[in-house]
Structures are given as C-alpha cells and as structure tokens.
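Student: Could you pick one strand here and take a really close look at it with me? I'd like to see how it fits in with whatever is around it.

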Amino acid sequence: IYGTPEWTTQSASEPAGGQNYGGRSILFTPAVDGSGNVTPDWVDISNLGIAGSATLVTRFCFDGYASDVNTAWMYKNSFGYGDPNTLGYGGWLYGIEGANRNLYLLFGNVGFLSSLTINTGTWYDAAVVLTDNGTNDSVEFYLWGPGGAPQYQKITTSSITTNTGTTGTRIGAEDATGNAKKAFNGAINHLAVWNRALSTTE
C-alpha cells in the first residue's frame with residue numbers, strides 16, 4: 001500500500017444492478033501540494049499480471065482529475081511503455097482521459113480512446129475486454145450509468161500482444177514520479193480481472 005487509500009462507507013449505487021459489494025469502497029485521495037505536485041494513493045499486487053486477452057470489471061466513482069493533467073489511471077497491468085510488439089513492452093493502463101472524461105486504455109504505446117464519457121461524483125459500472133487474436137484484435141468498452149442503461153464501443157486493432165512490462169498490478173495510480181499527476185481520485189467499490197476475454201453475456 002502506498003499513500004493513504006482507506007476504506008469508506010460511502011454509498012455505492014448499483015447502476016447495472018447486482019450487489020452493493022459490502023457497502024464499502026476504497027477511497028483514493030491523492031495529496032496535492034502548493035506547487036501542484038501529487039502524491040498518489042495505490043494498492044500493489046506485485047505477483048499478478050495478465051498477458052494477452054483479459055477482462056476488467058469495476059464499479060467506481062470519479063471525483064475529478066488530481067492535477068492539471070487530464071488523465072487518471074485506475075488500473076495498471078504489467079505495463080511497459082513502448083511498442084507492444086517488442087519484448088519488454090506492452091501490458092496496459094485503464095482509466096479516464098481528456099476534458100470530457102472518456103474511458104481510455106493504453107496498451108504499450110498504443111492508445112484506445114473510447115467515446116464513452118462519465119460525470120464526476122457519479123457511480124458507474126464499467127468493463128473493458130481485450131481480445132488477442134493475432135492480427136484481428138479488439139478492445140471493447142462497456143459503461144453503465146445511473147438507471148442502468150448500457151453503453152458499448154468496440155475498437156479493432158492489431159496491437160494486443162502477450163508482451164508485458166516487468167511490473168505487476170497496481171490499483172489507483174501509475175507511479176509516484178513522472179506520472180504521479182495521473183493518479184486516480186475517487187472511490188472503487190469493486191474490481192475484478194480475468195485472464196481471458198469475457199463475452200457480452202458473461
């Protein structure tokens with residue numbers, strides 16, 4: 001654990017239905033000093049990393065960017081910035097990007113900006129599915145907002161590979177140095193990952 005992520009009894013609604021997981025969430029509140037430097041909160045799982053196809057499902061509430069950088073990384077999976085076709089690079093970051101707060105995934109140095117946007121202070125259920133089929137790959141974004149209306153977008157690519165960086169899993173930030181300003185600011189009620197691409201029904 002880095003920084004001060006903490007359990008909170010902040011109520012988490014269930015946009016897509018299902019359970020309110022324990023009625024508790026982990027709150028990430030990056031500290032910002034007078035010069036705009038950010039000290040993020042995160043949770044590390046150093047021995048967990050997924051190569052190739054994967055699925056992430058989460059319920060979160062975003063409270064706004066921690067700094068003047070319009071990026072907030074919620075989840076880091078064995079990420080190494082660089083050409084994902086090169087050994088030692090690949091893995092991915094998942095989070096929020098841009099002034100409109102779009103769901104975003106960065107695989108190696110290849111970005112996938114969805115058209116699905118969120119509002120601050122609102123609970124969402126979301127999923128991202130990465131499918132590695134050689135040259136016929138895809139990244140699928142799912143988002144359920146208040147009322148449970150689902151949104152979906154599929155982006156085709158050839159950039160999903162089994163290459164990864166050397167780090168494991170990190171929830172809440174990318175790092176504490178050059179990318180500290182990209183820390184996630186908000187609450188996560190539920191997060192689960194699979195080492196395969198789940199179907200829409202699943």
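Tutor: Let's begin at the start of the chain, as a contrast. Ile1 has a relative accessible area of 80%, and since anything over 50% counts as exposed, Ile1 is exposed. Keep in mind that this is a predicted model. You'll find Ile1 in the segment before β1. Its C-alpha atom is 13 Å from that of Glu174, although their positions lie 173 residues apart in the sequence.

Now for the strand I'd pick: β9, which covers residues 102-107. Buried or exposed, what are its residues? Here 6 of the 6 residues are buried, so β9 is largely enclosed by the rest of the structure. Follow the side chains and you'll see them split two ways: Asn102, Tyr104 and Leu106 point one way, while Leu103, Leu105 and Phe107 point the other way. Both groups are buried.

Let's stop at Asn102, which is in β9. Its relative accessibility is 12%, and because the limit for buried is under 20%, Asn102 counts as buried. What does a polar atom of its side chain lie 2.9 Å from? That partner is the backbone oxygen of Ser114. If you leave out residues up to four places away in sequence, Asn102 touches Gly95, Ile96 and Glu97, and also Leu113, Ser114, Ser115, Leu116 and Thr117.

Next, the strands on either side. Strands of a sheet pair through backbone hydrogen bonds, either parallel or antiparallel. On one side, β9 is joined to strand β8 (residues 90-97) by 6 bridges, and the two run antiparallel. One of the matched pairs is Ile96 with Leu103 in β9. These two strands form a hairpin with 4 residues between them, and Gly98 in that turn has a positive phi of about 90°.

β9 also pairs with β10, in the antiparallel sense and over 5 bridges. Here Phe107 stands opposite Val110 in β10. This is a hairpin too, with 2 residues between the strands; Gly108, in the turn, has a positive phi of about 60°.

Zoom out a little and you get an open sheet of 6 strands, paired antiparallel, in the order β5-β14-β7-β8-β9-β10. Why do β5 (43-45) and β10 each have one side left without a neighbour in the sheet? Those two stand at the edges, each with a single partner strand, so there is nothing next to them on the other side in the sheet. On average, neighbouring strands here are turned by 15° against each other, direction ignored.

Keep going past β10 (110-117) and you come to Ile118, in the loop that leads on to β11 (123-131). Although Ile118 is in a loop, it is buried, with a relative accessible area of 1%. It brings us back to β9: the C-alpha atoms of Ile118 and Leu103 are separated by 7.8 Å, and the two residues are 15 apart along the chain. Leaving aside neighbours within four places, Ile118 is in contact with Ile96, Asn100, Arg101 and Leu143, plus Phe60, Phe62 and Tyr124.

Those last three names lead somewhere. Phe60, Phe62 and Tyr124 belong to one aromatic cluster, together with Phe28, Tyr65 and Phe184. The structure holds 11 aromatic pairs. Take Phe60 and Phe184: their ring centres are 6.5 Å apart and their planes are at 80°, so the pair is edge-to-face. This pair links distant parts of the chain, with Phe60 in strand β6 (residues 54-62) and Phe184 in the loop between β14 (169-171) and β15 (186-194), 124 residues apart. Both are buried.

And where does β6 sit in its sheet? It lies between β15 and β11 in an open, antiparallel sheet of 7 strands, ordered β1-β2-β15-β6-β11-β12-β13. Here β1 (6-8) and β13 (150-157) stand at the edges with a single partner strand each, so one side of each has no neighbour in the sheet. Neighbouring strands of this sheet are turned by 30° against each other on average, direction ignored. β6 and β11 are joined by 8 bridges, and Val57 has Ala127 in β11 as its bridge partner.

Terms used
Residues are numbered from 1 along each chain as its sequence is written. This is a predicted model: local features need pLDDT of at least 70, side-chain atom pairs count only at pLDDT 80 or more; totals for chains, interfaces and linings use all residues. Side-chain values use heavy atoms; hydrogens and water are left out. Rings of Phe, Tyr and Trp (its six-membered ring) pair if their centres lie within 6.5 Å; planes under 30 degrees apart count as stacked, over 60 as edge-to-face and the rest as tilted. Buried means under 20% relative accessible area, exposed over 50%, partly exposed in between (1.4 Å probe, protein chains only). Contact means heavy atoms within 4.5 Å. Two strands pair if DSSP finds at least two bridges between them. Axes are lines fitted to C-alpha atoms, for helices over the stretch in contact, and angles run from 0 to 180 degrees between N-to-C directions. A polar contact is a pair of N or O atoms within 3.5 Å; within protein, one must be able to donate a hydrogen and the other to accept it, and residues adjacent in sequence count only if both atoms are side-chain atoms.
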